[in-house]
Amino acid sequence: MSNFTAYNEASQFIIENWGEKGKKVLYECAKSTPFNGTLDDFLNECTACGGNWGGMFLSGIKKIWPNVYDAIPDNMGANAFFCICYVLSLLSVKTE
């Protein structure tokens, strides 16, 4: 993630939606090796899940950052997809 404001936005959203488990996700993201590649590059690491984009993104997270995947709560709530997208941003998957 390129700037402090975007990092704060992502962190706040994840904590608001995932609570204490969100803090664990943030911790694991912070200690993980950044991807520093494009979304297309990241998608090459994912498994298609029949149109389930959240599931597809999670498969890539599990492959590259299993520690982050393990920290993500089983019940991700109504904003799961947005939280997953913020996690990708925190892991430096470039979506611009």
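This passage walks through helix packing, the nonpolar core and the salt bridges of a predicted model.

A good place to start is the pairing of helix α1 (residues 4–30) with helix α5 (residues 80–90). Their axes come within 9 Å and cross at roughly 85 degrees, which makes α1 roughly perpendicular to α5. On the α1 side, the residues that take part include F13, W18 and V25, and they meet a set in α5 that includes F82, Y86 and V87. The make-up of this contact is 14 nonpolar residues, one polar and one charged.

Next comes the largest nonpolar core, which has 26 residues; W18, V25, F42, I61, V68 and V87 are the ones that touch the most other members. Helices α1, α3 (53–64), α4 (66–71) and α5 each supply at least two residues of this core, and α5 gives the most, with seven. As for V68, once its neighbours within four places in sequence are set aside, its contacts are V25, E28, C29, S32, I61, V87 and L91.

Then there are the charged pairs, with a count of four salt bridges. In one of them, E20 and K23 bring their closest N and O atoms to 3.1 Å apart. These two sit three residues apart in α1, so about one helical turn separates them. K24 pairs with E28 at 2.9 Å; here K24 is partly exposed, at 42% relative accessibility, while E28 is buried, at 4%. E45 and K63 form another bridge, at 3.0 Å. E45 lies in the loop between α2 (39–43) and α3, and K63 in helix α3, so this pair ties together parts 18 residues apart in sequence. Finally, salt bridges with shared partners join K24, E28 and K31 into one network.

Note on methods
Residues numbered from 1 in each chain as written. Predicted model: local features only at pLDDT ≥ 70, side-chain atom pairs only at ≥ 80, totals over all residues. Heavy atoms only, no water. Axes fitted to C-alpha atoms, helices over the stretch in contact; angles between N-to-C directions. Helix = DSSP H or I, 4+ residues; strand = E, 2+ residues; numbered from the N terminus. Parallel < 35°, antiparallel > 145°, perpendicular 65-115°, else oblique. Contact = heavy atoms within 4.5 Å. Nonpolar A, V, L, I, M, F, W, Y, C, P; charged D, E, K, R; others polar. Core = buried A, V, L, I, M, F, W, Y, C linked by side-chain atoms within 4.5 Å. Buried < 20%, exposed > 50% of the residue type's maximum accessible area, 1.4 Å probe, protein only. Salt bridge = Lys/Arg side-chain N within 4 Å of Asp/Glu carboxyl O.
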